[in-house]
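Reader: I'm new to this one and would like a close look at a single side chain and its surroundings. Could you pick a spot, start there, and then walk me outward from it?

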Amino acid sequence: MLLRIFTEPQQGASYDDLLTVARRTEECGFDAFFRSDHYLVMGDGDGLPGPTDAWITLAGLARETQRIKLGTLVSSATFRNPGVLAISVAQVDQMSGGRVELGLGAGWYEAEHAAYGLDFPDTPGRFDLLTEQLELITGLWDTPVGEKYDFAGKHYQLKDSPALPKPVQQPHPPIIIGGAGKKRTPALAAQYAAEFNAGFRDLDGTKVLFDRVRAACTTAGRDPETLALSAAHRVVVGKDDAEVERRAAAAGWSVEELHRSGVGGTPAQVVDKLGQFAELGADRFYVQIMDLTDLDHLDLIASDVLPHVS
């Protein structure tokens, strides 16, 4: 199982904070550094110093790291014009030497749209945007150099696009799709995704989503084994109960909440829980870290968890 560090910068983090964590992520031997793509704090925090743009952040990190994958979990289809997003992601892929992955979803957090003047269609409307964006972005990337790309959709129209720049990765950067949608989400994942992410679900819920997307692959004529499967949870690891409790509190949870809704405990307990996700088919796990100042936490996971699951 690949362990990927996953951060939530909208809760309060500067670019320098993220750079520090990304560098430690690489030093510790983790597979990737991912960040959420949100513009508004969630909950009662102040979110200071304010949001950082996901793709500007990743562009900076692309030049400051050497090995780790970089990506979003996930960018919202309501945030950016897909033609511009295709350019941005391709450029960051070039800047990183081919280490970018694009997580793309329909979006869900209505308050951040109101806060920054972004349109927020109803759920079917957002999925319509996502569907067109997936076809358009991959279409731009996959058009051979020297040829033009046209797209005629309900929401987007492109005419004689040179479909440049091209990403380094071929045929294009991996696309991650996730969520609990029963029909459109698994169908889109089967058609476009390199990875399906089950998100913050318990073991039973994760199995349901994995089974559903595997079935969608079979229906679409795709070998389910060609689709990577992943899960994500808030993770807290401590050498003893007191350290677990301290880190859980720093992450905004009680120990009871952590065991109910996250993954936590001693290294051995966390290794056991990750193994249960692996048994369901998850070959990647996004370790959500809330306290970005606690670099010792990353060190502990790297030394006492990572070797037992990777």
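Author: Let's start at Gln191, whose side chain makes a polar contact with the side chain of Tyr192, at 3.3 Å. Keep in mind as we go that this is a predicted model. Gln191 sits in helix H6, which covers residues 184-192. Is Gln191 buried or exposed? Its relative accessibility is 56%, and the cut-off for exposed is over 50%, so Gln191 counts as exposed. Now look for Ala220: it is 29 residues away from Gln191 along the chain, yet the two C-alpha atoms are separated by 7.3 Å.

From here, move on to Phe200. This residue is in the loop between strand E9 (195-197) and helix H7 (203-219). Phe200 pairs its ring with that of Phe6, which belongs to strand E1 (residues 2-7). The two are 194 residues apart, and the pair links distant parts of the chain. How does that pair sit? The ring centres of Phe6 and Phe200 are 6.4 Å apart and the planes make an angle of 35°, so the pair is tilted. A stacked pair would need planes under 30 degrees apart, and an edge-to-face pair over 60.

The two partners differ in how much of them is accessible. Phe6 has 2% relative accessibility, so it counts as buried. Phe200 has 43%, so it counts as partly exposed. They aren't alone, either: Phe6, Phe34, Phe200 and Tyr286 make up one aromatic cluster. Across the structure there are seven aromatic pairs.

Phe200 also leads us to His233, since Phe200 is among the residues in contact with His233. You'll find His233 in strand E10, residues 228-237. With a relative accessible area of 4%, His233 falls below the 20% cut-off and is therefore buried. Leaving aside neighbours within four places in sequence, the contacts of His233 include Arg201 and Asp202, as well as Phe277, Phe285, Tyr286, Val287 and Gln288. Ser261, Gly262 and Val263 are on that list too. Ser261 deserves a second glance: the side chain of His233 reaches its backbone oxygen at 3.2 Å.

While you're at His233, take a peek at Arg234. It lies over the face of Trp253, at 4.2 Å from the ring centre.

Back to Phe285, one of the contacts of His233. Which residues touch the most other members of the largest nonpolar core? They are Leu3, Trp55, Phe196 and Phe285, in a core of 79 residues. Helix H5 (residues 123-142) gives the most to this core, with eight residues. There is a general background to this: in soluble globular proteins, nonpolar side chains tend to be buried together.

Leu3 is a good place to see such packing up close. Not counting residues up to four places away in sequence, Leu3 touches Phe30, Asp31 and Ala32, then Leu274, Phe285 and Val287, and also Ile301, Val305, Leu306 and Val309. A second, separate core has seven residues, including Phe6, Phe34, Leu73 and Tyr286. You've met Phe6, Phe34 and Tyr286 already, as members of the aromatic cluster.

Leu73 takes us to a backbone detail. The peptide bond from Leu73 to Val74 is cis, with omega near -15°. Val74 is in the loop between strand E3 (69-72) and strand E4 (75-76). There's another cis peptide bond from Leu164 to Pro165, with omega near 0°. Pro165 lies in the loop between strand E7 (157-161) and strand E8 (175-178).

That stretch has some further backbone details. Ala163, in the loop between E7 and E8, has a positive phi of about 55° although it is not a glycine. Ala163 counts as buried because its relative accessibility is 3%. Asp160, placed in strand E7, has a phi near 55°, again positive in a residue other than glycine. At a relative accessible area of 42%, Asp160 is partly exposed.

One last stop, at two cysteines. Cys28 has 17% relative accessibility and so counts as buried, and Cys217, at 0%, is buried as well. How many disulfides does the structure have? The count comes to zero, taking a pair of cysteine sulfur atoms within 2.5 Å as the rule.

Notes: Residues numbered from 1 in each chain as written. Predicted model: local features only at pLDDT ≥ 70, side-chain atom pairs only at ≥ 80, totals over all residues. Heavy atoms only, no water. Phe/Tyr/Trp six-rings, centres within 6.5 Å; stacked < 30°, edge-to-face > 60°. Helix = DSSP H or I, 4+ residues; strand = E, 2+ residues; numbered from the N terminus. Buried < 20%, exposed > 50% of the residue type's maximum accessible area, 1.4 Å probe, protein only. Lys NZ or Arg CZ within 6 Å of the ring centre and 35° of its normal. Core = buried A, V, L, I, M, F, W, Y, C linked by side-chain atoms within 4.5 Å. Contact = heavy atoms within 4.5 Å. Polar contact = N/O pair within 3.5 Å; in protein donor to acceptor, adjacent residues only side chain to side chain.
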